Amino acid sequence: MSLKLKITLWVSAGLMVILFFSFTFVYYMFIRVTTKGEVELLKDKARTLIQKDLPSHPEYWQDKSQMEELLIPQEMLRYIAPDSKIVYQIYSDPMLLQFPASYVDKETVILKTAPDGIFIFVKMPVYKEGHQVAILEIGRSMRRLGEYSRMLISILLLTSTGALILALFGGYFYTNVLFRPLQQLVTTMQNIEKSGSFRHIPLPDKLTNDELTMLGATFNRMIDRLQEMFQKQEQFLADASHELRTPLTIIESYASLLRRWALQDEKLREEALEAIISESAQLKILTQNLLSLTDKEKEDCAQKITFDLLPIAQQTAASLRFTSSREIEVQIDQDLKELHMNGDPSKIRQLLIIFLDNALKYSQDMVVLKIGVTENTRVTIEVIDQGIGIAESDLPHLFDRFYRTDKARNRKQGGVGLGLAIAEHIVQKHEGTIQLKSCLGQGTTALITLPKTCQ
């Protein structure tokens, strides 16, 4: 059963329940209000007769003309003894005689419904010298009210049937309109499944704030994001294949050279071995970087420990200063003697190496590493160089995998375009941010902001 049909049936069933209770209340109030006035009239009439001292004047009943003057059509008067026997009785509607007499000791109102109408009986105790001696019963047939009530029931049933039919057809039509975006979503998803291509759900030019339209818009945004991720994945695979192919080709070429010519030529053999070792190291670095980027750890700290950032920054700068024979100045706020933060110290060290190594590659002047704390107690790391800078058009793509502003220069310097992507991954795991500011010919500044506590 489709969701549209289920909703239509449930709405129709709910409407019928509401109509049932509403019509029952209407019918009950109609009978109650109509009979209440008749009951009061009968009570007043019974009190008037009792005031005539009926026990002391049996002639009222013997001379029926006096009592019959009080009768109206479709009415009955009974004088009932304590043994429930009818002592006197006059009537103008024989239908009232079908109800047996009964003796009660208090004022009583009885409403009876029969196939031929509605009947009301009012019973009043009759007293003599302070003791109850009989019951005066006045009965009235409300045949016309019964006809009206049956007519009302017919009208209510007809109305309910019409409402049910309208609810079924109207509900189904309305759910068709309401679920049209959902049907389009299902159709689009089925087409995507069959064709394997990304498609959008057609949306109205003027978007509304209803949930189904928002669902369609969200689905389109999700498709855009999936398509972008798919394209990036394809580009990543193509770039990775290309980067892996280059060192493998070189290794294969030199290995073939060794097998053919270099066994007797020591100089050629050393050259081939050196090339194989160099390209193998490059291939190992590339593989490690790819593994680092495809790490499936949660986006929180992998090793949640507390460490002092200042010694790590100074040791990293000293190591790179020695290996590159370049000047790296470490600037630390004067009031900072130690800077404890929570996270993975090995990842933070790798982060520093990536940015310092990039700064050394693309500048010939001194590189500056600044460590500080902001007013909201977040750690700031700045790496500043006076190098060649980065074009404004390249800045948005620097964190893409394998993206390089100058492929020839990076290949010569050993880069494969994964460093900044790895750096972004590390910063994200530590819930931080990265900002790059650069201008061609004027150098680059990388600002990294990290929380002291990694949640």
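This is a conversation about burial, ring pairs and cores in a predicted model.

Trainee: Why is Y79 called buried?

Mentor: The relative accessible area of Y79 is 9%, and buried means under 20%, so Y79 is placed in that class.

Trainee: What makes Y88 partly exposed?

Mentor: Y88, which has its place in strand β2 (residues 86–91), has a relative accessibility of 24%; because buried means under 20% and exposed means over 50%, with partly exposed in between, Y88 counts as partly exposed.

Trainee: Why is the aromatic pair of F20 and F21 called edge-to-face?

Mentor: A pair of aromatic rings is described by the distance of the centres and the angle of the planes. For F20 and F21 the centres are 5.4 Å apart and the planes stand at 75°; rings pair if their centres lie within 6.5 Å, and planes over 60 degrees apart count as edge-to-face, so both conditions are met.

Trainee: What makes the aromatic pair of Y79 and Y88 tilted?

Mentor: Their planes are 45° apart, with 5.7 Å centre to centre; because planes under 30 degrees apart count as stacked and those over 60 as edge-to-face, with the rest tilted, the pair of Y79 and Y88 is called tilted.

Trainee: How do you know that F20 and F21 are exposed?

Mentor: F20 has a relative accessible area of 54% and F21 stands at 55%; exposed means over 50%, so F20 is exposed and F21 is exposed.

Trainee: Which residues touch the most other members of the largest nonpolar core?

Mentor: They are L309, F355, L369, I371 and I381, in a core of 36 residues, to which α9 gives the most, with 8 residues.

Definitions and conventions: Residues numbered from 1 in each chain as written. Predicted model: local features only at pLDDT ≥ 70, side-chain atom pairs only at ≥ 80, totals over all residues. Heavy atoms only, no water. Helix = DSSP H or I, 4+ residues; strand = E, 2+ residues; numbered from the N terminus. Buried < 20%, exposed > 50% of the residue type's maximum accessible area, 1.4 Å probe, protein only. Core = buried A, V, L, I, M, F, W, Y, C linked by side-chain atoms within 4.5 Å. Phe/Tyr/Trp six-rings, centres within 6.5 Å; stacked < 30°, edge-to-face > 60°.
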